[in-house]
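Let us take a friendly walk through a protein fold, one piece at a time. Keep the picture beside you as you read.

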Amino acid sequence: MDEPEFPDDWLDDEECAAPAEEGAEDQVEDQTEVQEEPLEAQDEEEEIAVEEQEEVEAEEEEQAQLDDPLPDQAEEEEQLQLDDPLPDQAIAKDDWDDDGDMDDEELAALEQKAIARWQAASAQPPVAANGARLTSKAAGKGKGPAGKGQKGKSAGKGDSFKGSAAGKAGKAGKGGKGKGKDKGEKAAVKTGGPGSDVKITPRSEDWSAWYLDVIASADLIDEAPVRGCKILRPNGFAVWEGIQRLLDPKIKAMGVQNAYFPLLIPVSFLSKEASHVDGFAKECAVVTHHRLRNAPEGSDALVEVDPDSKLAEPYVVRPTSETVVWHMYGKWINSYRDLPLKMNQWVNVMRWELKTRPFLRSAEFLWQEGHTAHATKEEADAQSREVLDYYVWLAQDELCLPLVPGRKSNNERFAGADATYTIEALTQNGMAIQAGTSHFLGQNFAKAFDVKYLSEEQKQEYVWASSWGVSTRLIGAVIMVHSDDDGLVLPPALANIQVVIVPMFSKDAEKQAAIMDAASSLHSGLTAAGIRVHVDDRVGMKPGGKYYEWERRGVPMRLELGARDLESGAALGKLRTGGDKFPVPLGEGAVEEVSSALQRMKQILLDRSEALKQSLTFKINSRDDFDARIKEREPGMMLVPWGGDDDDEDRLKDETGVTLRCYPMEQDELPEGQVCPLTGKPSREWAIFAFSY
């Protein structure tokens, strides 16, 4: 969402004008009391003269506002923007209510009224002759550009509008000083405004707050009016679309077809596979009635559940789809000629979680789930392992996550599976995230739903199965692995916008036209090469503000384009991962240079992930080592020569909160006679233990 620009008169003149400097109001009142009637005409003439002078000055200031800052000037403005302290996230009551006699409800009403006036005024923004969108008085009366805190009637009876909407945005002019955002923008934050107003808590101070701030600053999600659910805003859903864009072709390359199965599943279906229902029973949302009715008169509610609409059999809202899929596979599979049968769906599921965290754990989330049926055990197990390889490719090679692929323990495997394979990601704070799983289901669901096929030998055989999926948890993993105290960082392959072009503005109309033509040409050339590009041509926002906003949104690369860049024949490139700016040719070499830069950024993220994995993976030689490690601020992944059984695993989890994440696919040979340091039993294989989300 573009950051709103608030006109100077976005508040009611009499009701909402901010107070002048301390003591000025009393002084004005005293002067008003002693003024005689004849002086009013003289005051009006003086006021007209002052306004005429301000109009001339405002026109000059507006022209300067549209001027294209030279590259070095743009850098200075950017640095000032970044050095400027972030605004508070809430409106200070004293800024609105100088007398302190208004309660919170009255203040909230004024905020909403002000926002409504701004929205009405900005519904059809006027356009200047040079094509620039006008704001503030430049739009309404031709008096001064956006961002000039002006004197005059809009400020209320000749008072200076202290810290006016534009003035507090760091564009202070006459009558308006101050840094940071204006009151109107703060009000927008309180009502779901732009994420660029969110102050990001440093990771070192509060990791959980930092994670939520990064999500908010990038406008990824918002709270839903349903317990445990979130709303994926366009920026957030675009990240999920990026995962779909990468993974869906790989799924189809395995001969899998996309389909869709119902959201509602009969309760009786879950009871057909005992371990499956046991794993999901406590998380299921249940539908018991099929209609509402008008509530009786005098009731607090307008509608209520119609007791006569009770379902003969309740439904659960899909927690996963194995049961309904295998019910249908029983109808579709008859012969070996029908095998293998491979389907996938991109859908939502619901699991009634008690504790939620955005992207990582919520009552409703998005995922893909694949379901395959095979004639042999070997085919089904090979399918589940092949999918795991694709998940490693997606998460490690494209999303640049530090991963450990492995096999789940009996206690941690999927309910109803013979084996579960997993990819475990490691975050900056030393915790693990299960980023994707693939299950070899054996014949459990085939037997539960009586799914048989006639073999080539003319025998009735149960089919073998796999199921697998990744979800929006991957987005949470990306945030926790790559993002920093400046905001979101997205790998180039995942970003909806890979490159943002920021054209500067010039007071010279010919230069301005040339800059925009060059930006359009650059956009077209890069887009034709398959690079996802956006041109930020917003007027009235300084370059530093644009850089700041796109950095917080995680865009991998920006290109700065001004008059001097046209002369040199190269824009200035900057990667989200930092480093010096570099030239990008405006001609034929643009595609090659941008592609190379995005590849460099990907390699930077891969190198950082590998360094993180190396620094936060520890071999455990004793229980003392283990106990000391889990007390660290960043405990990391603990590699243990494990010899315990299921009960030992549960006991360790209860004592410490640490879980056995997986048995890594790549296993070093155990030393002869190795004893498990946590149980004292002979070691069987290496296992990864960690705290997890």
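A residue counts as buried when its relative accessible area is under 20%. F280 is buried because its relative accessible area is 5%. Please keep in mind that this is a predicted model.

**Starting from one residue**

F280 belongs to helix α12, which covers residues 274-280. Which residues does F280 touch, not counting residues up to four places away in sequence? They are P319, T320, R351 and F414. Another residue to find is L270, which is 10 residues apart from F280 along the chain, with 8.7 Å separating the two C-alpha atoms.

**The whole protein**

Now step back. The protein has 22 helices and 25 strands. Of its 693 residues, 49% are buried. If you take the contacts with a separation of 6 or more, 69% of them join residues that are 24 or more positions apart.

**The sheet of 11 strands**

Strands of a sheet pair through backbone hydrogen bonds, either parallel or antiparallel. One open sheet here has 11 strands with mixed pairing, in the order β3-β9-β10-β16-β13-β12-β11-β24-β25-β23-β22. Its edge strands are β3 (257-258) and β22 (617-619), and each of these pairs on one side only.

Helix α13 (residues 322-332) packs on this sheet, where it touches β9 (341-350), β10 (364-374), β13 and β16 (464-471). The direction of α13 makes about 30 degrees with that of β10.

Strand β13 is a good place to look more carefully. Strand β12 (residues 419-426) pairs with β13 (residues 432-442) in the antiparallel sense, over 8 bridges. Within this pair, L426 has A432 of β13 as its bridge partner, and T422 has T437. The hairpin of β12 and β13 has 5 residues between the strands, and G430 takes a positive phi near 75 degrees there.

β13 also runs antiparallel to β16, and 5 bridges join these two strands. Here S438 stands opposite W468 in β16. Is β13 largely enclosed or largely open? It is largely enclosed by the rest of the structure, because 10 of its 11 residues are buried.

**Helix α16 and its neighbours**

Helix α16 (residues 473-482) lies across β12, β13 and β16, and runs at about 150 degrees to β13. The helix is mostly covered, with 10 of its 10 residues buried. Among the buried residues of α16 are R473, L474, G476, M480 and H482.

Two packed helices are described by the angle between their axes and the distance between the axes. Here are two pairs to set side by side.

| Helix pair | Axes come within | Crossing angle |
|---|---|---|
| α9 (residues 207-217) and α16 | 11 Å | roughly 115 degrees |
| α10 (residues 234-253) and α14 (residues 377-398) | 10 Å | roughly 145 degrees |

Take the α9 and α16 pair, whose axes cross at roughly 115 degrees. That angle makes α9 roughly perpendicular to α16. The crossing of α9 and α16 is right-handed. On the α9 side, the contact is made by W207, W210, Y211, V214 and I215, while α16 brings G476, I479 and M480. By class, the residues of this contact are 7 nonpolar, 1 polar and no charged.

In the other pair, α10 passes α14 in a right-handed crossing. I243, L246, L247 and K250 of α10 make the contact with Y390, Y391, W393, L394 and E398 of α14. This contact of α10 with α14 has 7 nonpolar residues, no polar ones and 2 charged ones.

**The sheet of 3 strands**

Finally, look for an open sheet of 3 strands with antiparallel pairing, in the order β4-β8-β5. Why is one side of β4 (264-266) and of β5 (286-289) left without a neighbour in the sheet? Both strands stand at the edges with a single partner strand each, so one side of each has no neighbour there. From one strand to the next, the twist averages 40 degrees.

β4 and strand β8 (residues 310-317) run antiparallel and are joined by 3 bridges. One residue to look for is L264, whose bridge partner in β8 is V317.

Terms used
Residues numbered from 1 in each chain as written. Predicted model: local features only at pLDDT ≥ 70, side-chain atom pairs only at ≥ 80, totals over all residues. Heavy atoms only, no water. Pairing = 2+ DSSP bridges. Helix = DSSP H or I, 4+ residues; strand = E, 2+ residues; numbered from the N terminus. Contact = heavy atoms within 4.5 Å. Axes fitted to C-alpha atoms, helices over the stretch in contact; angles between N-to-C directions. Parallel < 35°, antiparallel > 145°, perpendicular 65-115°, else oblique. Left-handed = near helix turned anticlockwise from the far one by under 90°. Nonpolar A, V, L, I, M, F, W, Y, C, P; charged D, E, K, R; others polar. Buried < 20%, exposed > 50% of the residue type's maximum accessible area, 1.4 Å probe, protein only.
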